[in-house]
Amino acid sequence: MTEVGCVGWRVRSYSQPPAMVSYERLNPEEVQFSSAALLEPPPDDSGDAEAKAEDLERPLLDQTPQCTVTVALLTLGGLIMVVFGVWLLGTVFWLRGPPSTETHKPPPPVAPSGQSKVWQGGPQPESCSLIPEAWRFDCYPERSVVVTEEMCHQRNCCFIQVSKTGSLEQNGVPWCFYPPDFPSYELAAISETEMGYSGKLIRLQKTYYPNDIETLQLDVLYESNSRLRVKVTDPAKQRYEVPIDVPVVKEKAPDPLYTVEFSKQPFGIVVKRKQNGAVLLNTTVAPLFYADQFLQMSSSLPSNFVYGLGEHRSNFLHDVQWNTLTMWARDAAPVELTNLYGVHPFYLLMEPNGLAHGSFLLNSNAMDVVLQPAPALTWRTIGGILDLYIFLGPDPGSVIGEYLEVVGKPAMPPYWALGYHLCRWGYDSSDNTWDVVRAMRNYGIPQDVQWNDIDYMDRALDFTIDPVKFSTLPDLVKDLHIHNQRYVMILDPGISSTQPAGSYLPFEEGIKQGIFINKSSGDTLIGKVWPGLTAFPDFSNPDTHEWWYQNLKNFHDKVPFDGLWIDMNEPSNFFDGSIDGCPSNALENPPYTPGVLGGSLRAKTVCASARQKITSHYNLHNLFGLMEAKASASALKKILGKRPFVISRSTFPSQGVHSGHWLGDNRSQWKDLYMSIPGMLTFNLLGIPLVGADICGFSDTTTEELCVRWTQLGAFYPFTRNHNTKESKAQDPTVFSPAAQTAMKEALLLRYSLFPFLYTLFHHAHVSGQTVARALFFEFPTDQKTYGIDKQFLWGKSLLVTPVLDPGVDYVVGYLPQGLWYDFYTGDSLVSKGEEVKLRAPLDKINVHLREGSIIPTQRPNTTLWVSSGQPLRLIVCLTEEGLAEGDLFWDDGETLDTYETDQYAYITFRLKENTMTSEVVHSHLEASYITVETVSFYGVKSAPTSVTVNSQEAAFNYAANQVLTVSDLGLTLNQNFVISWT
């Protein structure tokens, strides 16, 4: 017998057939084994016979006293009565999940050939009852099916009912779960390679899903000191892999932050943090599945603090109490426990000691991600391969940066993208749209971008305008450009297929060029969207990108738009599949269907079996929005020769390279106001910092109070747009009372004043993969009070936003992490021990605080960023108790492509030490010579200065009782170093 330790369980593997394993919970510190042991010959079993005999006599699991036959019969009879007695209760409990338009039927409960044990007709092993509820991994995950004991035992799994009357923690405990000896893969061989390890996995017993792949290739790649890649593939057949660019590394990491260890039988991999031995990955906790259309891998987690795993409507911190997150892009208004527009199988986890790591499964097939209170996580997908990255951080920001090194860092947006955007489905004409723009100007309310929804189109046809209602649209766009504003229009992917011959070239040229998605038969797949019957472009085809560009260019010649809003790109379809339905095959009816809304993969989208250029829609569905965004951004670069602006509804990892995202069709409700913050924070984790929700809500009708509070919060979305539907009343700022208009105007002017700071944050996101809107725990990782906060957030590391999220209040309670904080508006200081504080919040105010040690560049605001960005700067310097502070500023022309990469930018750092602030031009550019520094305000100067000098010259100053020192009328050129000091 050989013993191989693994975190979470002790695994004893016996060389004598039949292979059996037993599991005993272990703490991480108890684990003592190394992967090197598996590279050596097996140890000699001849020695220590006494210890060996003792081991053989010891039971595999601690046993309860053996039952007599009478007791066993009575127990069996009691179980039968319980099963019948709680049948109705079981039905209610197991019918969990969204309503299904078509019930998916799981594989029939027939034990596959090759399995050695069937429990039907006899009691299940006592070891089943010894597995703690939190560690029970679901053996019968199919939804909309009542699992009976017989069905469960046919899968060779344990069955224990859990009463619904139990604690909340028991709600969701699987009744059917894997026993300790459920067959898994065995690590048959392992060897070192130039990049790490290579191994061979074999399965000796089949599972209950068809087409097990019995031999697997394991590659463990030490790609960097903080990044490990674990890849499991089929060595005999090329399987689908996600077609996005990831780094190809050819040299093994020289000093990794992790260690890697293996369990041979059953196979498992354990990844530990070298610094403290924390177990970050431990796949030995449940069996590995790798069938053609069912791949499953589970792991223990070191804590309950899990974030990411978009796109879902939930709190920022995920619930690990039996929470299944389904991923399959779907056109659905955001509701809880539903798969939504995007798919992001990446999570960030905060460890108990304040360190952080992340994990990313590079897989685009439909999947469930299951969180359970052990804590543990299960990846369950129905295609592709298992390609898992682990990022060691060790801090949250580093984890995100490492993730974006793999999928791509976000693009630098054009400057005007950070202004205020206004849209409505229901303007009904270009003249009405124009009236709103004029009203915004007349009231002096900032606006940079005007949008139109599909009502600008002729009969909802892409690349057209309504010749009557929107005849003046080109003139409107010209007027916007004269006023240094921009225009963005919507495009849906569905291309009308029913227009008279010769009247609609986008469809006719698409047919000629073969760029549409086809049915499995090879004919063009026809669905239905806003214009009626439609075909869907196949953006996996390079020819489609050229077709898209040509149509955009032709339309731009008529209406010179500045950016694109790509909607309905899950892709959405008003049919289930197509006008002809979908064929009955394994792609349409896989052995397992994740918990998708509608119950089938084709629900309100195209057939899973549809054919695209590189593979089936079954594999590519979740990539549709990403591929369309890539084509759109590429086309805009060619047409405009400037940075592209694209906002997409459907997203996938690497989306931020090409587009931003808005959070979909929300409602004018206070809850939606709050839920926008978790959504915004999550997408910043996912590498899409240009994100925001529809301000004041898309559907329903807002109230004045709600819209004011939402505009205040929305002023701090990285992407800020007010948008609503035609069924609701207009909600642009000009339709409300003078008091409300003023409050909204002040909120937007505040945003515009912070443009230099926000623009610099986007630069760091583009270059280093940093977040823009940031959860508090990123900056205070050892303060567990911050882990669940999602009603406040930071911009960068130093600007704290505490919005009002409830009606009828004039105050808000916010958490201030330990340290010194300053009121943004006044400079008043507040020392916090890490506590909640009640803050005044009248209807015309949103609370903003600045963190000690920061220097924030601000600017005199105006009604467009074109004008604002030329105004003088005000620097706000926030002193620590020791009198230190630092900050920076990135500046360029705001539109040119790749200014950082081509050295067409200025970068200035600011530092304060010993009562002296210095400005250093790290990288100079002509653009910085157009900007001056007019005012510097120092918050937290403990005593009144006797003199202030600027570049060694005496300067006038003002010192207030709240310890704010202000030096004004400076006229300092930004692209020249300067020094301000006081005594």
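**A walk through the predicted chain**

Start with everything on screen and the surface switched on: the protein chain exposes about 36500 Å², and carbon and sulfur atoms supply 52% of that area. Keep in mind that you're looking at a predicted model. Of its 983 residues, 62% count as buried. Switch to cartoon and you'll have 17 helices and 53 strands to find your way around. If you like drawing contacts, take those with a separation of 6 or more: residues 24 or more positions apart account for 71% of them.

**First stop: a hairpin**

Select 268-282. Strand β11 (residues 268-273) and strand β12 (residues 279-282) run antiparallel, joined by three bridges. Pick K272 and look across to β12: its bridge partner there is V279. Now slide into the turn. Five residues sit between the two strands of this hairpin, and G277 in the turn has a positive phi of about 80 degrees.

**Next: two helices side by side**

Select 670-685 and 704-714, which gives you helices α12 and α13; their axes come within 10 Å and cross at roughly 5 degrees. Angles under 35 degrees count as roughly parallel, so α12 and α13 are roughly parallel to each other. Turn on side chains to see who makes the contact: W670, D672, L673, S676 and I677 from α12, with E705, L706, R709, W710 and L713 from α13. Colour that contact by class and you get six nonpolar, one polar and three charged residues.

**Then: the six-stranded sheet**

Move on to the sheet that starts, in strand order, with β44. What is the order of its six strands? Reading across this open sheet, you pass β44-β45-β46-β53-β48-β49, with antiparallel pairing. The edges are β44 (885-891) and β49 (953-955), each of which pairs on one side only. Tilt the view to see the twist: ignoring direction, neighbouring strands are turned by 20 degrees against each other on average.

Zoom in on 906-913 and 916-923. These are β45 and β46, an antiparallel pair with seven bridges between them. For one of the matched positions, click R911, whose bridge partner in β46 is T918.

**Last stop: a helix across the sheet**

Keep the sheet visible and add 755-768. That's helix α15, which lies across β44 and β45. Which way does α15 run relative to β44? Sight along β44 and you'll find the helix running at about 80 degrees to that strand. With 65 to 115 degrees counting as roughly perpendicular, α15 and β44 fall in that class.

Conventions
Residues are numbered from 1 along each chain as its sequence is written. This is a predicted model: local features need pLDDT of at least 70, side-chain atom pairs count only at pLDDT 80 or more; totals for chains, interfaces and linings use all residues. Side-chain values use heavy atoms; hydrogens and water are left out. Axes are lines fitted to C-alpha atoms, for helices over the stretch in contact, and angles run from 0 to 180 degrees between N-to-C directions. Helices (H or I, at least four residues) and strands (E, at least two) are DSSP runs, numbered from the N terminus. Angles under 35 degrees count as roughly parallel, over 145 as roughly antiparallel, 65 to 115 as roughly perpendicular and the rest as oblique. Contact means heavy atoms within 4.5 Å. Ala, Val, Leu, Ile, Met, Phe, Trp, Tyr, Cys and Pro count as nonpolar, Asp, Glu, Lys and Arg as charged, and the others, Gly among them, as polar. Two strands pair if DSSP finds at least two bridges between them. Buried means under 20% relative accessible area, exposed over 50%, partly exposed in between (1.4 Å probe, protein chains only). Accessible areas come from the Shrake-Rupley method with a 1.4 Å probe; for residues, only the protein chains shown count as cover.
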